[in-house]
Amino acid sequence: MDFINDKFNSAKRLYEIAGEARKNAYAPFSNFKVGAALLTKEGKIYTGVNVENSSYGATICAERTAFVKAISEGEREFTAIAVSAGSEEAVPCGICRQFIYEFAPEILIITGTDKNSINIRTLEELLPMGFRL
Ligand code: ZN
């Protein structure tokens, strides 16, 4: 996926992949299913879904699932992450914003309500003063 030269179509495609991943979300408590698709600088895509738990605090969001998969496979450089929650636009929660900031402070965040209605924002717009040790 050549994100630099074809930003808008790549963003749409990444959003679609997030939507496909969403089908695997495990959200029996909230019924709010979310999928994410994380694009590395080299063009690989890692997907993630929200995984809820009877002990609610053990729940993990789709964005962090995708990051944990990628980081655990050795990835360290990221270009964009798309988040799909079906017909509702979902932007990453505060925990995910900080989690993403650790690895990719300049990443693009793609959200939307369908592939023809997407928003592309920088993480800095969503988290202006991320925490870093
Ligand atoms: Zn989150």
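Mentor: Before we look at anything, take contact to mean heavy atoms within 4.5 Å, and keep in mind that this is a predicted model.

Trainee: Okay, so among contacts between residues at least 6 apart in sequence, what share joins residues at least 24 apart?

Mentor: In the protein chain, 61% of the contacts between residues at least 6 apart in sequence join residues that are at least 24 apart.

Trainee: And how many helices and strands are there, and in what order do they run?

Mentor: The protein chain has 4 helices and 5 strands, and, reading from the N terminus on, these elements run α-β-β-α-β-α-β-β-α.

Trainee: How does the radius of gyration sit against the globule rule?

Mentor: The radius of gyration is 14 Å, close to the 14 Å that the globule rule gives for 133 residues, so the chain is as compact as a globular protein of that length. Along its principal axes, the C-alpha trace spans about 45 × 40 × 30 Å.

Trainee: What percentage of the residues is buried?

Mentor: Buried residues account for 44% of the 133 residues in the protein chain. As for the accessible surface, it comes to about 7200 Å², and 49% of that belongs to carbon and sulfur atoms.

Trainee: Let's go inside, then: which residues touch the most other members of the largest nonpolar core?

Mentor: That core has 22 residues, and those touching the most other members are Leu38, Phe67, Phe78, Ile81 and Ile107. At least two core residues come from each of strand 1 (35-40), helix 2 (62-72), strand 3 (78-84), helix 3 (94-103) and helix 4 (123-126), with helix 2 giving the largest share, 5 residues.

Trainee: What does Ile81 contact, leaving aside its neighbours within four places in sequence?

Mentor: Its partners include Leu14, Leu38, Phe67, Ile100 and Ile107, and Glu63 is among them too. There is also a second, separate core, which has 13 residues, including Leu14, Ile17, Ala37 and Ile118.

Trainee: Changing topic, which residues coordinate the zinc ion?

Mentor: The zinc ion is coordinated by the SG atoms of Cys61, Cys93 and Cys96, at 2.2 to 2.3 Å, and along the chain the donors follow the spacing C-x31-C-x2-C.

Trainee: Where in the chain do Cys61 and Cys93 lie?

Mentor: Cys61 lies in the loop between strand 2 (45-49) and helix 2, whereas Cys93 lies in the loop between strand 3 and helix 3, so that this pair, 32 residues apart, links distant parts of the chain.

Trainee: Why does Cys93 count as partly exposed?

Mentor: Its relative accessibility is 30%, and partly exposed covers what lies between the buried limit, under 20%, and the exposed limit, over 50%.

Technical notes. Residues numbered from 1 in each chain as written. Predicted model: local features only at pLDDT ≥ 70, side-chain atom pairs only at ≥ 80, totals over all residues. Heavy atoms only, no water. Core = buried A, V, L, I, M, F, W, Y, C linked by side-chain atoms within 4.5 Å. Buried < 20%, exposed > 50% of the residue type's maximum accessible area, 1.4 Å probe, protein only. Donors = N, O, S within 2.8 Å, 3.2 Å for Na, K, Ca; no water. Rg over C-alpha atoms; globule rule 2.2 N^0.38 Å. Areas by Shrake-Rupley, 256 points an atom, 1.4 Å probe, with all protein chains shown as cover.
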